[in-house]
Amino acid sequence: MTALIETQDHGPIRELKLARPPANALDPALCLALRDAIETAAADGVGGVVLAGGPKVFSGGLDVPHLLSLPDTASLRDAWDAFFAGARALAGAPMPVVAAIAGHAPAGGCVLALCCDYRVMASGAYRIGLNETQVGLVAPDGIQRLMRRTIGARQAERLLVGGLLVDADEALRLGLVDELAGIDEVPLRAHLWLESLLALPRAPMLETRAIARADLVEALSAQNIELDRFVDAWNAPDTQAGLRALVARLGR
């Protein structure tokens, strides 16, 4: 079986690459593999992690066709639990994590990037954002908190309510990403930023980081996600219509 997360070490830095072509759609197996890879990196004492995706698509978000195929509410809840397990692993990682976004990062792909310490995105027409309202979903409060802490309340409201995806230049202007690079240079820039952080005295850097990111970890707590409420809304007519329209577009 092909690994869903490809791992490569570069000294104290470990690169974790999502490897579920063609678009790294986030099904439960991939999400749990990401969680396990972060936990393994922590156990191995890795200094920092670069989270990468595929060329042109970092991650296309949740695997909606898979979610729509699930037979019951319990299975659906388990699938969403797996996604949030991956997100929480990134948010709570004991080492800094950089997102190397060499392509599009909508919806769940954007959530994973928001859980990282720093985001390097490919310049050009690639897009990133939380487009949930476009497909009939409501981003839970915890996910909205991730966006607000990154770009501020007013711009987060604008993007979230409209379900907007922005291109790389706009993402940089808003602060949604921290740096742009040519698509082939994204991993290098991610490594260079991480190396500069790892050059600092380690214990003070990590303790300061933990304090600074406490609100991010709290945002993904169960009470801020309200997963039962989210799952209960899954079968609402507007939601189902939006999701099935998305699947139809993807199938073209």
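Me: Why does the sulfur of cysteine 110 form no bond with the closest cysteine sulfur?

Reply: A disulfide is a pair of cysteine sulfur atoms within 2.5 Å. The closest cysteine sulfur to that of cysteine 110 sits in cysteine 115, 9.5 Å away, so it is too far for a bond. This is a predicted model, where local features need pLDDT of at least 70 and side-chain atom pairs pLDDT 80 or more, while totals for chains, interfaces and linings use all residues. Residues are numbered from 1 along each chain as its sequence is written, and side-chain values use heavy atoms, without hydrogens or water.

Me: What about cysteine 116, and how many disulfides does the structure hold?

Reply: The sulfur of cysteine 116 is 6.9 Å from its closest cysteine sulfur, in cysteine 115, again too far for a bond. The structure holds zero disulfides.

Me: Is cysteine 110 buried or exposed?

Reply: Use relative accessible area: buried is under 20%, exposed over 50%, partly exposed in between (1.4 Å probe, protein chains only). Cysteine 110 has 1% and counts as buried. Cysteine 116, at 3%, is buried too.

Me: How do I read helix H1, and what should its 16 residues span?

Reply: Helices (H or I, at least four residues) and strands (E, at least two) are DSSP runs, numbered from the N terminus. The expected span is 1.5 Å times one less than the number of residues. For H1, residues 28–43, that gives 22 Å, and the end C-alpha atoms are 22 Å apart, which agrees.

Me: Which residues of H1 are buried?

Reply: Leu30, Cys31, Leu34, Ala37, Ile38 and Ala41. They cover an arc of only 120° around the axis, so they lie on the same side of H1. The arc is taken from the directions from the helix axis to the C-beta atoms.

Me: What is the volume of the largest pocket?

Reply: On a 1 Å grid over the protein atoms alone, a pocket is an open set of points where a 1.4 Å probe fits, with protein on both sides within 12 Å along at least five of seven lines; lining residues have an atom within 4 Å of a point. Points join across faces, edges and corners, and volume is the space filled by probe spheres set on them. The largest pocket has about 640 Å³. Of its 33 lining residues, Gly60, Gly61, Leu62, Pro106 and Ala107 are closest to the centre.

Me: Which element gives the most to that lining?

Reply: H13, with four residues.

Me: How much space lies in the second largest pocket?

Reply: About 240 Å³. Val138, Ala139, Arg229, Phe230 and Ala233 are the closest to its centre among 14 lining residues.
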